[in-house]
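The following dialogue explains how common structural terms are applied to a protein model. Please keep the structure in view while reading.

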Amino acid sequence: MHSKPNLLPTRKFSRALTPRPLWVGYSFALSAAALAVVAEMYFDRITGQQIPFVIGFGAVIASAAWAGAGPGLLATLVMVLWAIFFDFQPAAIGFYGMFTRCVLFSAEGIFLSLGSARMWRFAREAAESEGWHRRLVETAAEGIWILDPAAKVIWANDRIAGLLGVPLEQLVGKIADEFFFPADVWSDRNRRESLRPGLPEQFDRRLRRADGNEIWVLASCNRIPSTQDDPGSVLDMMTDITERRRAEAALRKSEQRFRSLFEGVLEGV
């Protein structure tokens, strides 16, 4: 069966993008720089050669990627100061060589930190937007589910679970055909397969609740392709119209009864 990832953001992803306290990020940067210094001293001792900034660059990458621009810049500064005052041997590479390497490393650290800050900002904005959409669909008055190409429910909100009388955790993973009456399975499946991206359809639909009772909904369906070759998932938004359908049926019965009454009387009406 074709599997499909959840189309809506996970809370775990949103929590991962929550801004960390400043002291946590800067402490991480100092720890990463300290580990880089220890590692460089160790390799200098066992190899007898200097490898300035090679391991330090990893500390800058880790600090900028995990904690942001400020910690990345701090790690860059610590590694440059270490190289200038303790690591470099001016007699070996000369002042110009030391200056050039420090400038290049600083430039790389600054660009990396600024790029990381931009990445984090975009990621947080995306998470906030996705979180807003998640809250919107979870609190919507309409029942919403998303079906994969095999008609398996891969996401649903509380409203549709309540309409069907099924716990939400049991609804996800089921095949949508289980919630249709046998007489309606073929027609609904055919309608679902005929959906085209960007061409939503709206129609009345009959569903079967877990207790076997019928419920009528106004369904708005649209196909959401993920790739060109993927048939895509189907997004269904359903509004309960059971009472309206009952009222319409009662009105038809009332009209038929009065029509029979008027047609059966002997007097002219």
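**Terms and their tests**

Q: Why are Glu-243 and Arg-246 said to be separated by about one helical turn?
A: Glu-243 and Arg-246 are three residues apart in helix H9 (residues 242-264), so about one helical turn lies between them. A helix here is a DSSP run of H or I with at least four residues, a strand is a run of E with at least two, and both are numbered from the N terminus.

Q: What makes the meeting of Glu-243 and Arg-246 a salt bridge?
A: The term requires a side-chain nitrogen of Lys or Arg within 4 Å of a carboxyl oxygen of Asp or Glu. For Glu-243 and Arg-246 the N to O value is 3.1 Å, so the pair meets the definition. The structure holds 14 salt bridges.

Q: What kind of model is this, and which limits apply?
A: The model is predicted: local features need pLDDT of at least 70, side-chain atom pairs count only at pLDDT 80 or more, and totals for chains, interfaces and linings use all residues. Residues are numbered from 1 along each chain as its sequence is written, and side-chain values use heavy atoms, with hydrogens and water left out.

Q: Why is Ala-161 called buried?
A: Buried means under 20% relative accessible area, exposed means over 50%, and partly exposed lies in between (1.4 Å probe, protein chains only). Ala-161 has a relative accessible area of 5%, and therefore counts as buried. Ala-161 is found in helix H6 (residues 158-164). Not counting residues up to four places away in sequence, Ala-161 touches Val-166, Pro-167, Leu-168 and Leu-171, where contact means heavy atoms within 4.5 Å.

Q: Why does Arg-189 count as partly exposed, and Asp-177 as buried?
A: Arg-189 has 35% relative accessibility, so it falls in the partly exposed range. Asp-177 has a relative accessible area of 18%, which places Asp-177 among the buried residues.

Q: How do you know that Asp-177 and Arg-189 form a salt bridge, and what does the pair tie together?
A: The closest N and O atoms of Asp-177 and Arg-189 are 2.6 Å apart, which means that the pair satisfies the salt-bridge definition. Asp-177 lies in the loop between helix H7 (168-171) and H8, and Arg-189 lies in helix H8, so the pair ties together parts that are twelve residues apart in sequence.

Q: How do you know that Asp-188 and Arg-192 form a salt bridge, and are they buried or exposed?
A: Their closest N and O atoms are 3.4 Å apart, so this pair also qualifies. Asp-188 is buried at 4% relative accessible area, and Arg-192 is buried at 10%. Being four residues apart in helix H8, Asp-188 and Arg-192 are separated by about one helical turn.

Q: What makes strand E1 (residues 143-147) and E2 a pair?
A: Two strands pair if DSSP finds at least two bridges between them. Three bridges join E1 to E2, so the two strands pair, and they run antiparallel. One of the bridge partners in E2 is Val-153, which stands opposite Leu-147. E1 also pairs with E5 in the antiparallel sense, over five bridges.

Q: What makes E1 mostly covered?
A: Five of the five residues of E1 are buried. Gly-143, Trp-145 and Leu-147 point one way from E1, while Ile-144 and Ile-146 point the other way.
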